[in-house]
Amino acid sequence: MSTSSTPRITFLKGHGTENDFVIVPDPDNALPLPAPVVARICDRRAGIGADGVLHVVRSAAHPEARDMAAEAEWFMDYRNADGSIAEMCGNGVRVFAHYLQREGLVEQGGLAVATRGGIKQVHIAKDGDITVSMGRALLPEESATVAVGERSWPSRNVNMGNPHAVAFVDDLAHAGDLLSAPPVSPAAVYPEGVNVEFVVDRGPRHVAMRVHERGSGETRSCGTGACAVAVATARRDGTDPAVTGLPATYRVDLPGGTLTITEHPDGSVDMTGAAVIVAEGTIDPAWLETATG
């Protein structure tokens, strides 16, 4: 990659409950973003630093999103921090929508965003909070025991498109340092690994959590994890919306902030929270060439 051929990349930096992203506007899908480039941009010591990249592209301009263009003008081409491609990120969608509104590309109210996980319905409120429809939770019957040191707890198996083991504990400190994945038994319940949530009560319909995300360790926020926690808590509390006929709303505190999760009687789950843009700038083409070799 030579400097003369390296495009100057404009970027913004934002976060949703401290799940942080580099936003790369590219409506015409003209920028090459190979995995090594994404990984170096996300490097927290040698790059800008982020949990992932939100590549902002018009759906009609991207081969993976063209069939969704009639329903959703914008495609969130999401990349993980290691450069790999991902289907969806709940916190990322909120930041993505906030960016579009900030730039005057969309207005308050309803918005459809195309993702590799399908079209996601978003609502931008007057107060700035953004709600994302996260789909329906599945509750497999198989469950596992979660252990940390000499302590162990039963867990609730919740799938939000990815697997979660939700354990209710007396003290979040009992989760330990979460540097390594807490053992689950039997491991066969989650053959591809699992995100493990530790949950304590804070008040009526108010819980706090810590999470070990598979492959990443403890993170400041996990949108699907917060949804899984709310669903599991509703079942524990006897407020299953499918039974009561009423929505169940829970406040979920995470290390990076607070999310409001609502499960509806039809099983759909909404996640509401803030999104913040903190900076914008331009990536130096010479640095990018050096960084990627």
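**Questions on a predicted fold**

Student: What is the relative accessible area of Asn29, and which class does that give the residue?
Tutor: This is a predicted model. Buried stops at under 20% and exposed starts at over 50%. Asn29 has a relative accessible area of 25%, so the residue is partly exposed.

Student: Where does Asn29 lie, and what is its phi?
Tutor: Asn29 sits in a loop, with strand S2 (19–25) on one side and helix H1 (35–42) on the other. Most residues other than glycine have a negative phi. Asn29 is not a glycine, yet its phi is positive, at about 55 degrees.

Student: Which loop holds Arg205, and what is the phi of Arg205?
Tutor: Arg205 lies between S13 and strand S14 (206–213). Its relative accessible area is 38%, so Arg205 is partly exposed. Arg205 is not a glycine either, but phi is positive here, at about 50 degrees.

Student: Is the peptide bond from Ser185 to Pro186 cis or trans?
Tutor: Pro186 is in the loop that runs from strand S12 (184–185) to strand S13 (195–203). Most peptide bonds are trans. From Ser185 to Pro186, omega is near 0 degrees, and the bond is cis.

Student: How many helices and strands does the protein chain have, and what is its radius of gyration?
Tutor: The chain has five helices and 19 strands. For 293 residues the globule rule gives 19 Å, and the chain comes close to that, so it is as compact as a globular protein of that length. Its radius of gyration is 20 Å.

Student: What share of the 293 residues is buried?
Tutor: Buried residues fall under 20% relative accessible area. In the protein chain their share is 51%.

Student: What share of the contacts between residues at least 6 apart joins residues at least 24 apart?
Tutor: A contact here needs heavy atoms within 4.5 Å. Take the contacts between residues at least 6 apart in sequence; the share joining residues at least 24 apart is 61%.

Student: How far apart are the end C-alpha atoms of helix H3?
Tutor: H3 covers residues 223–237, which makes 15 residues. At 1.5 Å a residue, the expected span is 21 Å. The model agrees, with the end C-alpha atoms 21 Å apart.

Student: How many residues of H3 are buried, and which residue just after H3 takes a positive phi?
Tutor: H3 is mostly covered, with 13 of its 15 residues buried. Just after the helix, phi turns positive, at about 75 degrees, and the residue is Gly238.

Student: Which residues does Ala226 touch, beyond those up to four places away in sequence?
Tutor: Ala226 belongs to helix H3. Its relative accessible area is 0%, so Ala226 is buried. Beyond its sequence neighbours, Ala226 touches Met209, Val252, Leu259 and Ile261.

Student: Is Met160 buried or exposed?
Tutor: Met160 is in the loop between strand S10 (156–159) and strand S11 (163–168). Its contacts beyond four places in sequence include Thr224, Cys227 and Ala228. Its relative accessible area is 9%, under the 20% limit, so Met160 is buried.

Student: What is the C-alpha to C-alpha distance between Met160 and Ala137?
Tutor: The two are 23 residues apart in sequence. Ala137 is also one of the contacts of Met160. The C-alpha to C-alpha distance is 5.0 Å.

Technical notes:
Residues numbered from 1 in each chain as written. Predicted model: local features only at pLDDT ≥ 70, side-chain atom pairs only at ≥ 80, totals over all residues. Heavy atoms only, no water. Helix = DSSP H or I, 4+ residues; strand = E, 2+ residues; numbered from the N terminus. Rg over C-alpha atoms; globule rule 2.2 N^0.38 Å. Buried < 20%, exposed > 50% of the residue type's maximum accessible area, 1.4 Å probe, protein only. Expected span 1.5 Å × (residues − 1).
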